[in-house]
Amino acid sequence: MTDTFLFDLDGTLVDTAPDLHHALNSSLASVGLGSVDIKLTRHWVGHGARKMISSALEQHNERFSNALVEELYENFLEYYRQHIAIFSKPFLGVRLTIQHLVKKRFKLGVVTNKRFDLSELLLKELNLLSYFRVVVGGDTLSVAKPKPDPLLHACKELGTTPEQAIFVGDSITDVTCARGAGCPIVLVPYGYNQGVSVSTLGADRTVESLVDLI
C-alpha cells in the first residue's frame with residue numbers, strides 16, 4: 001500500500017528554468033560575456049549550476065578554468081537567491097495534486113539535487129513548503145541522485161519504506177535513483193530531460209500531469 005509520494009523539484013514540481021536562465025546570464029555578464037538563449041538553458045538544467053555555467057562558456061568558445069567557473073558560480077548564487085521565484089511557477093496541476101494528496105493523508109517529500117537552502121527558499125516563496133514533511137537537497141547527504149541514498153533518507157525521515165512510496169521525477173537521474181532504492185518511479189514528460197523521451201527511460205508509469213496521480 002502506497003502511503004508516501006516523493007517528488008523531484010526542478011522540472012517536476014516547478015518550472016525553474018526562467019529564473020535559472022536569468023541568473024546564468026547575469027553571471028556571464030559579470031565577465032563581459034553575452035547572454036545565451038533560454039532553449040539552451042532548458043537543455044542544460046538538471047546537471048547542476050556549475051555544469052550549466054561550463055556549458056555556457058563552451059557555447060561562447062571560451063577557455064575556462066575551475067577558478068573561473070567558481071567565480072561565476074558565486075555570482076550565479078548571489079543573483080539566484082534574490083530572484084529565485086520571479087518567473088518560476090509550479091507546473092499546471094501541481095498545487096491541486098499535492099493539496100489533494102495531503103488531504104488524503106499521504107506523506108509528501110521532495111528529493112532534489114538542488115541545494116537544500118535554495119530548495120526550501122523556492123518552495124517557501126511559492127507557498128508550497130508547508131505541504132512537504134521532508135526536503136532532501138543535493139547537499140543534505142555526502143552523495144546526491146542518481147545514488148539511492150537521498151531517496152532512502154527521505155523514506156527514513158517519513159517513517160516509511162521505498163516499497164510504500166512512489167517517486168515522481170522527470171529524468172534518467174530519477175529513474176536510476178528510484179531503481180537503486182527499490183522504489184516505484186513515475187515520470188512526467190514536460191521536465192528537464194535533455195531532449196530524451198521519458199518513454200524510453202524505463203519508468204513504471206508516465207503521466208502527462210501530476211493530476212493523473214489523483
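Here are four short exercises on this predicted model, each with a worked solution.

Residue numbers start at 1 along each chain as its sequence is written. Local features need pLDDT of at least 70 and side-chain atom pairs count only at pLDDT 80 or more, while totals for chains, interfaces and linings use all residues; side-chain values use heavy atoms, with hydrogens and water left out.

**Exercise 1: a strand and its partners**

Task: Find strand E1 and work out which strands it is joined to.

Solution:
- Step 1. Start with the naming: helices (H or I, at least four residues) and strands (E, at least two) are DSSP runs, numbered from the N terminus. E1 covers residues 4–7.
- Step 2. Recall that two strands pair if DSSP finds at least two bridges between them. Four bridges join E1 to strand E4 (residues 107–111), and these two run parallel. Four bridges also connect E1 with strand E6 (residues 165–169), again in parallel.
- Step 3. Now zoom in on Phe 5. In E4 it stands opposite Leu 108, and in E6 its bridge partner is Ile 166.
- Step 4. Check the two faces of E1. Buried means under 20% relative accessible area, exposed over 50%, and partly exposed in between (1.4 Å probe, protein chains only). Thr 4 and Leu 6 on one side are buried, as are Phe 5 and Phe 7 on the other, so both faces are covered.

**Exercise 2: a network of charges**

Task: Trace the salt bridges made by Lys 145.

Solution:
- Step 1. Side chains of opposite charge can pair when their charged atoms come close. The rule used here asks for a side-chain nitrogen of Lys or Arg within 4 Å of a carboxyl oxygen of Asp or Glu. By this rule there are nine salt bridges.
- Step 2. One of them joins Asp 8 and Lys 145, at 2.9 Å from N to O. Asp 8 sits in the loop between E1 and strand E2 (14–15) and Lys 145 in the loop between E5 and H7, 137 residues apart.
- Step 3. Lys 145 also forms a salt bridge with Asp 174, with the closest N and O atoms 2.7 Å apart. Asp 174 belongs to helix H8 (residues 172–181), so this pair ties together parts that are 29 residues apart in sequence.
- Step 4. Put the pieces together: Asp 8, Lys 145 and Asp 174 are linked in a network of salt bridges.
- Step 5. Look at the cover. Asp 8 is buried; Lys 145 counts as buried because its relative accessibility is 7%, and Asp 174 because its value is 1%.

**Exercise 3: a pair with partial cover**

Task: Describe the salt bridge between Arg 179 and Asp 204, and say how accessible each residue is.

Solution:
- Step 1. The two side chains meet at 3.1 Å, N to O.
- Step 2. Arg 179 is in helix H8 and Asp 204 in the loop between E7 and E8, 25 residues apart.
- Step 3. Arg 179 is partly exposed because its relative accessible area is 40%. Asp 204 is partly exposed too, with 49%.

**Exercise 4: backbone surprises**

Task: Look at the backbone at Pro 146, Arg 105 and Gln 194.

Solution:
- Step 1. The peptide bond from Lys 145 to Pro 146 is cis, with omega near 15°. Pro 146 is in the loop between strand E5 (134–136) and helix H7 (149–158).
- Step 2. Arg 105 is not a glycine, yet its phi is positive, near 70°. This residue lies in the loop between helix H5 (94–103) and E4, and it is exposed, at 74%.
- Step 3. Gln 194, also not a glycine, has a positive phi of about 55°. Its relative accessibility is 22%, so Gln 194 counts as partly exposed.
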